[in-house]
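Biologist: I am new to reading protein models. Could you take me on a close look at one part of this one, the nonpolar patch on the surface, and then place it in the wider chain?

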Amino acid sequence: MSDNVKLFVVVIVLVVVLNGIIAGLMTVFFPVSGADVLKDSGIIESGKELIFNTLDSLRQRSRKLQRDLFVSQVMLDSIKQQLAAKEELIKEYEKTIDELKKELEGLKKREEGIKELAKTYEAMKPVELKPILEKLDDRTIIDVYFNTSSRKRQNIMKALSPDRAARITKKIASMGVK
């Protein structure tokens with residue numbers, strides 16, 4: 001309850017208590033006429049009316065607070081559901097990030113391996129490369145090609161059959177790589 005409502009209730013209680021004390025004193029000092037004076041002056045009736053009005057006001061305030069509480073609870077539940085959905089989405093994103101990190105690590109290892117192969121192939125002559133390159137897929141040959149120095153790339157092409165060299169050349173050209 002707010003401080004204003006508490007203060008209002010205390011004032012009402014004091015008024016009622018004081019009315020009771022005054023009524024009691026009036027009956028003691030003025031046995032018959034004192035009570036009649038209070039009744040005739042309307043103090044008791046106005047006190048009752050004040051109490052009933054205060055109770056009605058408090059009931060209305062209580063109903064409004066209950067409605068506000070209900071709306072707040074509904075909003076809180078909705079926010080909790082949204083939060084749970086976002087937490088689930090975050091977990092999915094974290095899982096995807098972990099998978100992508102693993103894939104990136106694999107690609108880095110593959111790239112390191114290709115670079116090492118390129119160094120080895122640079123030292124070889126086209127005749128020595130031919131039987132090896134015949135067993136490799138085009139993608140691997142292209143990767144090795146790009147990791148070989150520009151002076152030694154010709155050895156890779158010389159080691160390939162003319163048809164395969166042409167096919168790989170088309171693939172390299174379509175990649176738009178300089």
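Modeller: Happy to: we will start with the whole chain, go to the patch, and finish with the core.

This is a predicted model, where local features need pLDDT of at least 70, side-chain atom pairs count only at pLDDT 80 or more, and totals for chains, interfaces and linings use all residues. Residues are numbered from 1 along each chain as its sequence is written, and side-chain values use heavy atoms, with hydrogens and water left out.

The protein chain has seven helices and zero strands; here helices (H or I, at least four residues) and strands (E, at least two) are DSSP runs, numbered from the N terminus. The chain exposes about 13900 Å², and carbon and sulfur atoms supply 62% of that area. Accessible areas come from the Shrake-Rupley method with a 1.4 Å probe, and for residues only the protein chains shown count as cover. Of the 178 residues, 17% count as buried. Buried means under 20% relative accessible area, exposed means over 50%, and partly exposed lies in between (1.4 Å probe, protein chains only).

Now for your patch. Leu7, Phe8, Val11, Val15 and Leu50 form this nonpolar patch, with about 400 Å² of accessible area together. Patches are made of residues with over 30% relative accessible area and no salt bridge; like charges are joined within 9 Å, and nonpolar side chains (Val, Leu, Ile, Met, Phe, Trp, Tyr) within 5 Å. A salt bridge is a side-chain nitrogen of Lys or Arg within 4 Å of a carboxyl oxygen of Asp or Glu. Helix 1 (residues 3–29) gives the largest share of the patch, four residues. Val11 lies in helix 1 and is partly exposed, with a relative accessible area of 41%.

Next, look at Thr54, which sits in helix 3 and counts as buried at 6% relative accessibility. Its side chain reaches the backbone oxygen of Leu50 at 2.7 Å. Leaving aside neighbours within four places in sequence, Thr54 is in contact (heavy atoms within 4.5 Å) with Phe8 and Ile12.

Finally, the largest nonpolar core has 16 residues, of which Leu129, Leu133 and Ile156 touch the most other members. The largest share of this core, four residues, comes from helix 5. Such a core is a set of buried Ala, Val, Leu, Ile, Met, Phe, Trp, Tyr and Cys residues joined through side-chain atoms within 4.5 Å. Not counting residues up to four places away in sequence, Ile156 touches Leu129, Leu133, Ile141, Val144, Tyr145 and Thr148.

Technical notes
A polar contact is a pair of N or O atoms within 3.5 Å; within protein, one must be able to donate a hydrogen and the other to accept it, and residues adjacent in sequence count only if both atoms are side-chain atoms.
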